[in-house]
Every structure is written in C-alpha cells, then in structure tokens.
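Here is a short briefing on one protein chain. Please look over the sequence and the model before reading on.

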Amino acid sequence: MAGEQADGAPQDDCLFCKIVAGQIPATIVRETETTLAFRDINPQAPTHVLVIPKAHYRDAAALAAAAPSLAADVLRESKAVADEDKLESYRTVFNTGSGAGQTVWHAHAHVLGGRGMQWPPG
C-alpha cells in the first residue's frame with residue numbers, strides 16, 4: 001500500500017509529497033520549514049484547509065509516534081490557519097485508516113470552519 005514507509009522520507013507515489021515538492025499545484029495558504037497548508041479541492045466547509053508535515057508519515061498515529069514535535073507543528077499551524085481565516089470555532093480532524101475515511105496515506109489535519117458542525121460527525 002502507498003505510504004508504508006514511516007521514516008519521513010518522501011514517497012514517489014504520494015500525492016502530498018508531490019505537492020510539497022511542487023510537482024502538483026495546490027492553493028497554499030501557509031508554509032513553514034516543517035509544514036504546508038493548502039485548500040482542500042473538495043471543501044466540506046467554507047474553510048477547509050489541509051495541514052501536512054513536509055516529511056512523509058503514513059498517518060497521524062505514525063507521525064505522533066515517530067516525530068511528536070512535528071505533530072505539534074501540524075497542530076500549531078492548524079490554529080494559525082483558523083486565526084488567519086478569523087474562525088471563532090473550528091474543527092481539526094485526523095482520519096487514521098481507510099475505515100475512518102483516510103484516502104491519502106500521508107498524515108494530514110483537516111481544518112474545517114465557517115459553518116456549524118454537528119455531533120456526532122459521522
């Protein structure tokens with residue numbers, strides 16, 4: 001399966017690694033030394049931004065286990081995205097595994113806001 005490697009090395013078959021490398025265009029809203037934030041191409045809310053580590057980790061669990069400071073960078077940038085979009089409240093979602101809806105095997109946070117959110121989400 002794509003993204004099996006969890007050591008932070010770029011993967012040739014990873015969509016998000018290609019976005020980080022500039023091989024695939026994206027609407028970038030923030031960039032740091034360790035993270036990239038860009039608009040989702042299929043937004044589920046007025047604000048729907050993906051925040052990814054530039055290093056490749058399969059999912060949020062692998063990222064947290066191998067690089068906790070990088071996981072913290074992703075969360076910090078998620079807040080920065082919300083602040084820039086002037087969101088009073090927002091949802092940060094990590095889908096981990098196909099049963100949870102993960103379709104790209106590169107850790108990423110969805111920052112969703114600008115509309116009411118329901119609970120439970122699924």
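N95 sits in the loop that links β4 (90-93) to β5. This is a predicted model, and that loop residue makes a good way in. The fold as a whole comes next, then the cores, then single residues.

**The loop residue N95**
- N95 has a relative accessible area of 19%. The cut-off for buried is under 20%, so N95 counts as buried.
- Which residues does N95 contact, leaving aside neighbours within four places in sequence? They are A100, G101, Q102 and H110.

**Overall fold**
- Three helices and five strands make up the protein.
- Read from the N terminus, the order of elements is α-β-β-β-α-α-β-β.
- The radius of gyration is 14 Å, close to the 14 Å given by the globule rule for 122 residues, so the protein is as compact as a globular protein of that length.
- Along the principal axes, the C-alpha atoms fill a box of roughly 35 × 30 × 25 Å.
- Take the contacts between residues at least 6 apart in sequence: 54% of them join residues at least 24 apart.

**Burial, surface and charge**
- Buried residues account for 42% of the 122 in the protein.
- The exposed area is about 6,800 Å², and carbon and sulfur atoms supply 52% of it.
- The protein carries 10 positive and 14 negative charges. The mean positions of these two sets lie 6 Å apart.

**Nonpolar cores**
- The largest nonpolar core holds 13 residues. V51, L63 and V81 have the most contacts inside it.
- Three elements give two or more residues to this core: β3 (47-53), α3 (68-84) and β5 (109-113).
- Which element gives the most to this core? It is α3, with four residues.
- Another core, of nine residues, lies apart from the largest one. Its members include F16, C17, L50 and I52.
- V51 touches L36, A37, V74, E77, S78, V81, H108, A109 and V111, with residues up to four places away in sequence not counted. One of these partners, V81, is also among the residues with the most contacts inside the largest core.

**Strand residues H48 and V29**
- H48 belongs to strand β3. Is H48 buried or exposed? Its relative accessible area is 5%, so H48 is buried.
- Not counting residues up to four places away in sequence, H48 touches F38, R39, D40, N42, P43, H110, V111 and L112.
- H48 and Q102 are 54 residues apart along the chain, and their C-alpha atoms are separated by 15 Å.
- V29 is in strand β1 (residues 28-31). At 26% relative accessibility, V29 counts as partly exposed.
- V29 touches A37, F38, R39, V49, V81 and E84, again not counting residues up to four places away in sequence.
- V29 and V49 are 20 residues apart in sequence. From C-alpha to C-alpha, V29 and V49 are 8.2 Å apart in space.

**The segment before α1**
- Q11 lies in the segment before α1 (15-20).
- With a relative accessibility of 12%, Q11 counts as buried.
- How far apart in space are Q11 and A82, C-alpha to C-alpha? The distance is 29 Å, and 71 residues separate Q11 and A82 in sequence.

**Backbone points to check**
- K86 has a positive phi of about 55°, although K86 is not a glycine.
- K86 is placed in the loop between α3 and β4. Its relative accessibility is 72%, and the cut-off for exposed is over 50%, so K86 counts as exposed.
- The peptide bond from W119 to P120 is cis, with omega near 0°.
- P120 is found in the segment after β5.

Notes
Residues are numbered from 1 along each chain as its sequence is written. This is a predicted model: local features need pLDDT of at least 70, side-chain atom pairs count only at pLDDT 80 or more; totals for chains, interfaces and linings use all residues. Side-chain values use heavy atoms; hydrogens and water are left out. A nonpolar core is a set of buried Ala, Val, Leu, Ile, Met, Phe, Trp, Tyr and Cys residues joined through side-chain atoms within 4.5 Å. Buried means under 20% relative accessible area, exposed over 50%, partly exposed in between (1.4 Å probe, protein chains only). Contact means heavy atoms within 4.5 Å. The radius of gyration is taken over C-alpha atoms; the globule rule is 2.2 Å times the number of residues to the power 0.38. Accessible areas come from the Shrake-Rupley method with a 1.4 Å probe; for residues, only the protein chains shown count as cover. Lys and Arg count as positive and Asp and Glu as negative; His and the chain ends are not counted. The place of a charge is taken as NZ of Lys, CZ of Arg, CG of Asp or CD of Glu.
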